[in-house]
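Hello,

Here is the structure I promised to pass on to you. My notes on it follow just below, so have a look at it first and then read on.

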Amino acid sequence: MSEPEVTEYKGQCACGSVRFSYAHSKEAEPVFSVICHCLNCRRVNGSSPHLFGIPKDAFSITQGEDVMKTYDITDKFQRSFCSKCGVGVMQAPAGRGFVATFPTLFDEARQKFPKDVPDMFQVKGQVNCENAWSSVFIGSKNVAPRYRVFGTDPHEELIEDENPKHSML
Ligand SMILES: [Zn+2]
Ligand SMILES: [Zn+2]
């Protein structure tokens, strides 16, 4: 039996003190790549962030763990950032099998035009995680069976999306 093919995607904060890695494979596809409009996400990032969910086991800090600081936004939601440049590296909802990081921090995203960024980093939808990840990411270990999603117009009525493919979002 052949080993699963793993591609390592690396990223860093603005000053480069913190570096991290995503070991991508068929078994560790991104959990979501979405813009979140919830109040917490907007507050801690300054505006609606593009979040990139990675299975926890496939994500590792490879450098600068000692300069990272973690702040509890709520009891369910933490933000970890580089204490030198202040850039948020990840947001981790408690008890979930993924961390949310930011596509922009990956080397692939920084070095290319947006259209050339690998597809898995592209925005796949817009959500409002409503300050409680559990209300959106319900009932499974890594991915959501459903989530509420906006169309391109955030004033549009919310729809429930149950397409299992979209549960990767
Ligand atoms: Zn930094
Ligand atoms: Zn959010």
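Let me start at one pair of residues and work outwards. Arg19 stands opposite Gln63 in β5. That pair belongs to the antiparallel pairing of β2 with β5 (residues 59-63), which runs over 4 bridges. Please keep in mind throughout that this is a predicted model.

On to the other partner of β2. Strand β1 (residues 7-12) and strand β2 (residues 19-24) run antiparallel and are joined by 6 bridges. Two of the facing pairs are easy to find: Lys10 is opposite Ser21 in β2, and Gly11 is opposite Phe20 in β2. The hairpin that β1 and β2 make has 6 residues between the strands, and in it Gly16 adopts a positive phi near 85°.

Put together, these pairings give an open sheet of 3 strands in the order β1-β2-β5, with antiparallel pairing. Its edge strands are β1 and β5, each of which pairs on one side only. On average, neighbouring strands of this sheet are turned by 30° against each other, ignoring direction. As a general reminder for when you look at the side chains, those of a regular strand alternate between the two faces of the sheet.

Now for the overall picture. The protein has 3 helices and 12 strands. It consists of 169 residues, of which 31% count as buried. If you take contacts between residues at least 6 apart in sequence, 54% of them join residues at least 24 apart.

Which residues have the most contacts inside the largest nonpolar core? They are Leu51, Phe52, Ile54, Val89 and Ala100, in a core of 27 residues. The elements giving two or more residues to this core are β2, β3 (32-36), β4 (50-55), β7 (77-82), β8 (88-93) and β9 (98-101). Phe52 is a good one to click on: leaving aside neighbours within four places in sequence, Phe52 is in contact with Pro30, Ser33, Ala100, Thr101, Phe102, Pro103 and Phe121.

Two further residues may interest you. Pro93 lies in strand β8. Is Pro93 buried or exposed? Pro93 counts as buried because it has 21 C-beta neighbours inside 10 Å, and the cut-off is 20 or more. Between Pro93 and Arg79 there are 8.8 Å in space, C-alpha to C-alpha, and the two are 14 residues apart in sequence.

Gly97 sits in the loop between β8 and β9. With 16 other C-beta atoms within 10 Å, Gly97 is partly exposed. Gly97 and Pro55 are 42 residues apart in sequence, yet their C-alpha atoms are 5.8 Å apart.

Finally, a word on confidence before you set anything up. The pLDDT averages 76 over the protein, and 72% of the residues score at least 70. Over residues 131-169, however, the pLDDT is below 50, although this stretch has 65 contacts in the model beyond near neighbours in sequence. Where pLDDT is low, the predicted coordinates should not be read in detail.

Best wishes, and happy browsing!

Notes: Residues numbered from 1 in each chain as written. Chains lettered and ligands numbered in written order. Predicted model: local features only at pLDDT ≥ 70, side-chain atom pairs only at ≥ 80, totals over all residues. Pairing = 2+ DSSP bridges. Core = buried A, V, L, I, M, F, W, Y, C linked by C-beta atoms within 7 Å. Buried ≥ 20, exposed ≤ 12 C-beta atoms within 10 Å, placed from the backbone. Contact = placed C-beta atoms within 7 Å. Axes fitted to C-alpha atoms, helices over the stretch in contact; angles between N-to-C directions. pLDDT = per-residue confidence, 0-100.
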